[in-house]
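Student: Could you go through this with me slowly? I would like to know what each word means before I use it.

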Amino acid sequence: MFLFIVKRFASTIPTILILMIISFVLMRLAPGSPFSGEKMPPPEVLANLEAKYGLDQPWFIQMWRYITKIIFHFDFGPSFVYKDISVNDIIDQGLPITFIYGSWSFLVANLVGIPLGMIAAIRHNTWIDYMAIGVSIGAAVLPNFIMAPILIIIFTLWLDWLPGGGWNNGAWPNVIMPVIALSTSYMAIIARLTRGSMLEVLNSNFIRTAKAKGLSSTTVIFRHALRPTLLPVLSYLGPAFVGMVTGSLVIDSIFVTGGIGQFFIQAAFSRDYSLLMGITILLGAVTVLFSTIVDILYAVLDPKIKL
Amino acid sequence: MTILNKKFTKAALVAVLAGATALTAFSASAAKHPVTGEELAADQTYTYRMLDGIPSLDPQIVEDVTGSEIIRDLFEGLLNQDAKGNLVPGVAMSWEPSEGNTVWTFKLRDNAKWSNGDSVTANDFVYAWRRAVDPKTASPYSWYMDIMSITNGADIIAGKKQPSELGVEAVDDYTFKVTLTKALPYFADMTAHSTTFPTHQATVEKFGEKWTQPENMVGNGAYKLTEWKIKETTTRVRSESYWNNDASILEKVVTLVIPDENVALTRYKAGEMDRTAVPAGQYPELLKELPKETLKFPRLCTYYYVFNVSDSAPEAFKNVDVRYALSYALDRNIIVEKVTKGGQIPAYTFTPAATAGFEVPTVDYGTWTQSERDAKAVKLLDGAGFNKENPLKFTLLYNTSEGHKKIATVAAQLWKSKLGAEVTLANQEWKTFLETRNNQNFEIARSGWCGDYNEASTFLDLFDSKHGNNDGLYASDAYDAEVRAASSSSNAAAHYKKAEEILAADMPLIPVYHYTGVVMLKETLKGYPIENVMLKTYSRNMYKVAK
Amino acid sequence: MIALNKQKREKTVEILSNVDLVKGRSLWQDAAVRFRKNKAAFVSVIILALMALLAVFGPYISVWSYEEIDWGLIGDAKANGQPSIENGHYFGVDNLGRDLFARTLQGTQISLMVGLIGAVVAVSIGLFWGAIAGYAGGRVDNIMMRIVDILMSIPSMFVIIIALAVLGKSIIVLFIVIGAIGWMDMARIVRGQTLAIKNKEYIEAAKSLGVSDQTIITRHVIPNLMGITVIYTSIMVPSLILTESFISFLGLGIQEPLTSWGALINEGAGQMQYGVPWQLGFPLAFFVVGLYCLIFIGDGLRDALDPKD
């Protein structure tokens, strides 16, 4: 296990390096410039801007400079759009926010989703099952770009319980609506995966054997069925967690949380090369980290799985 | 429990506030506006919505309108504009052109202070203006200094001369002199723009790019920055060091970034803001619902469709009759009355009528009725060889946006139903769109242009054959001669009129409408300058009255 | 000796495959019977089929085309654009006076296609990628899954921008791109499940009999992944449909005047507060009903494919 962890962390480095190179090349392939606008700057002005941000150099020199700066100084460079601040500043400002509401959403999605799915599976084809499915689908059918404005209309305009947006340093009234809007669709998916997986497990031979031995159903479920049930759910939770803690454009832009999620889209659209690189690398690091954790958890849940 | 808690907090808050109000009651209740005598609200906080986070708060770097709005509070330039758009003294008390409008001398007040206590002198302006053209600053707006025609400006931007050679000079601490390459009668007006605002050299040099952060920034405006969270909010509070601080009434100005206009309206209605935009197409409804809060005013902006008339253009568009036909058949009234619905003004010329010193020429087709235009259009197109059997086919390019989509959809249907043209709609995300349009890879493309200063050249220069934003590559010697002559002429209006007539005759663009601004503004907020077509707002001129 | 052994092995493999084939066929037949017994799933199939038929043939009963503007109603949706039988706008009109009945049906065509084609692309790539990675294990697994990590980290919007710029804008490209984005989660889930399956007794038995890896994957591993695949697909399809709307909303998807459920819902959602509920209601109803159907079908399929039930 220890060796596995060491190996995996060693493989992280080439992974991130390849990610850097691919994203860098992709960015140069995309049409458009970070400095273009409705009022196109004259060529001389454009040349000055390109010189300032190093875009006048051949691409391999740019890439070399860029990558070495990250490795040796952990410096992602200046943002091309937010000209007064660096990419590091943007990440520093946005990431903690996203991490907080993302973690809460993850918690809520699991604490509601997994039990819901389990109950539905245990009471398969009874009204409890149908209700649980109904609830979980109901949560998923409203896309969050519809749910978010509705939440604001209800809780801000009508009831006047919660502020309609802003982060306010993470005060709980500001966190509630983003968490609801972000967690519901994940919750629905987790519930459905849990239900499907548990049904399969409950029908398998070893559970039947356990039941035949006369073990109480609580014991059967928590001792024997739970672990294998969670395996496929776990595969989903890795990317889901990454998805939640890196936030979402809809949540950030409708609830104005100031989180990092919106930049994944906006940096792409504004061709803010350094910002896009910065958050891509960040996302890559988190993704690799969580797939490692998920793999370790596999081995914990199913001792037969060799790492 | 949560509700209880919330209520409890609220009650506590009310109690505290009540106590505080009681303490200051004698001053708060007595506060009256010094001129109008209106009773002022106790809470002088003005909150408004921004569409997006601002890219920069550096006066020399800022490009966007919302950023400039904040910068006008944090910094003060030579001249300001009043509520009607007239020039009024800023740091400069008086200004005077000499040598036929080629040399401009500004006398600065001696009591203007930076927020760290330093005096604002002519040297600060010299520094800032050199900084604006310095290639090292790489200001995306340095071209503004170029069109101000300051001596050597263009060469410095191009790296051919040193910034120190710019035609600006601090004659003494309080006299600032600018030398121009050509006579520019409207030069003074251009100094109300944020690119020309002073910056504090020591601060910029000490902190580099980070000098605009709240903890570092030194400004000379009526307000100072206390908070800036890129995608969330900014806060500015009144500055004690501002020379005319006594006259400011608003204590605090807060901006909230809310990209979604409908959510912004919800929050406006919930009382979280004093100002927000009217969501597209909702002006008539909101006017009915909240007549006193829904405002409309003209802007110096034009929405238009540009034809590709370059060598790469489709053969059909090289025929002026086809361009006439498409322009005539585009029913502007339907677009402004049924689609945009914000009281926009149908456009038949490029320059908006609200532009100072601009006399709108009567172009023929602007005076006809729509059915006359339609009849003419069918005939012209028929003459060009296009009809129901051989329909005109082309692609209309626009950038992704709900508003542009609606207008393009209606335009396509108008052309289809009236002329039988087969129009393909193509939308592209912004940067790809710009690249496509700039490289003439289009047939007809959506465009919009807003004036940088209140003079017709800010519009008409655009169709100069040498202009970088002349995306259709329209080239006419007669037109170039008119706009170039206008800039130093004593009778510019006549040249502008002529230039517009040439545009109407050549039709390289279809003017669609002139913009209006439509905003929701709480009744308690006074002094928002809707009569200023450049919408140059200054928070120190605004105030909140008691309900 | 060796040759003989080989021959023997091949024979065993042959027998084994045949056995599997026979058993497999009966499994599918069984599944079909079981599926038909599941009322919710069966009704869902019928509703979805009706919806598809309506989308294809509906335009013939519609008075208006999906792109035509009713000039009498343009900009007048709130006052006069409500659903009406008399003027032929059964679902009302949008703010430009276009017929929502025709547009909803047209959007149904696009969205069902996006869901179907996107899912096929995503499932086939994800299933094989995940099964191979999980089954092979070790270095191969590590490399294959790191590739997934890398691809997941590249902002998908950027990939779409480039794909559309390089490959050109067409509905087909859009379908492929959407599917190509969706396969990675599938690959992970499949791979996780494969890790567990490959240690099962029957796989080890097949291995010891010398069955080739390829056969084990296609004959034993993938069939056992069906349950989870079906469940996840039924979850994925709605998200693909919404992804399309998001991509279109950002200007990279289908072009006006064509539309989709997502685009219509998005437009309607923007008008939520302004007294034209039918603009959101009808497209959303189609979307929700379609989604419920898919999920019930998914559950039905899963139950049907689980032979132990």
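Student: How many residues does the contact between chain A and chain B take from each chain?

Tutor: It takes 41 residues from chain A and 43 residues from chain B. Two residues are in contact if their C-beta atoms, placed from the backbone, lie within 7 Å. Please keep in mind that this is a predicted model, where local features need pLDDT of at least 70, side-chain atom pairs count only at pLDDT 80 or more, and totals for chains, interfaces and linings use all residues. Residues are numbered from 1 along each chain as its sequence is written, while chains are lettered from A and ligands numbered from 1 in the order in which they are written.

Student: Which element of chain A gives the largest share of the side that touches chain B?

Tutor: That is helix 2 of chain A, with six residues. Helices (H or I, at least four residues) and strands (E, at least two) are DSSP runs, numbered from the N terminus. By class, this side of chain A has 21 nonpolar, eleven polar and nine charged residues. Here Ala, Val, Leu, Ile, Met, Phe, Trp, Tyr, Cys and Pro count as nonpolar, Asp, Glu, Lys and Arg as charged, and the others, Gly among them, as polar.

Student: And how many residues are in the contact between chain C and chain A?

Tutor: Chain C gives 40 residues and chain A gives 47 residues. Several helices of chain C each supply at least two residues to the side that touches chain A, including helix 7 (171-197) and helix 9 (213-249). The residues on that side of chain C divide into 25 nonpolar, seven polar and eight charged.

Student: What makes C:Leu96 a buried residue?

Tutor: A residue is buried if 20 or more other C-beta atoms lie within 10 Å of its own, exposed if 12 or fewer, and partly exposed in between, with C-beta atoms placed from the backbone. C:Leu96 has 22 other C-beta atoms within 10 Å, so C:Leu96 is buried. C:Leu96 is found in the loop between helix 3 (77-80) and helix 4 of chain C. Not counting residues up to four places away in sequence, the residues that C:Leu96 touches include B:Val339, B:Lys406 and C:Ile69.

Student: Why is B:Gln440 called partly exposed?

Tutor: Because B:Gln440 has 17 other C-beta atoms within 10 Å, a count that falls between the cut-offs for exposed and buried. B:Gln440 lies in the loop between helix 15 (430-438) and strand 16 (444-450) of chain B. B:Gln440 has a positive phi of about 55° although it is not a glycine. Most residues other than glycine have a negative phi.

Student: How do you know that A:Arg271 counts as buried?

Tutor: A:Arg271 has 24 C-beta neighbours inside 10 Å, so A:Arg271 meets the cut-off for a buried residue. A:Arg271 sits in the loop between helix 11 (261-270) and helix 12 (273-301) of chain A. A:Arg271 is not a glycine, yet has a positive phi of about 55°.

Student: What makes B:Arg373 buried?

Tutor: With 21 other C-beta atoms within 10 Å, B:Arg373 reaches the cut-off and is therefore buried. B:Arg373 lies in helix 13 (residues 370-383) of chain B. Leaving out residues up to four places away in sequence, B:Arg373 touches B:Tyr328, B:Ala329, B:Tyr365 and B:Trp368.

Student: How do you know that the radius of gyration of chain B agrees with a compact globule?

Tutor: The radius of gyration is taken over C-alpha atoms, and the globule rule is 2.2 Å times the number of residues to the power 0.38. For 547 residues the rule gives a value near 24 Å, and chain B has 26 Å, which agrees. Of the residues of chain B, 50% count as buried. Chain B has 18 helices and 19 strands, whereas chain A has twelve helices and zero strands. In chain A, 54% of the 307 residues count as buried.

Student: Which residues touch the most other members of the largest nonpolar core?

Tutor: They are A:Ala148 and B:Ala325, in a core of 330 residues. A nonpolar core is a set of buried Ala, Val, Leu, Ile, Met, Phe, Trp, Tyr and Cys residues joined through C-beta atoms within 7 Å. Helix 4 (residues 100-136) of chain C provides the largest share of this core, 17 residues. Leaving aside neighbours within four places in sequence, B:Ala325 is in contact with B:Ala377, B:Leu380, B:Leu381 and B:Leu419. A second, separate core of five residues includes B:Leu300 and B:Met534.
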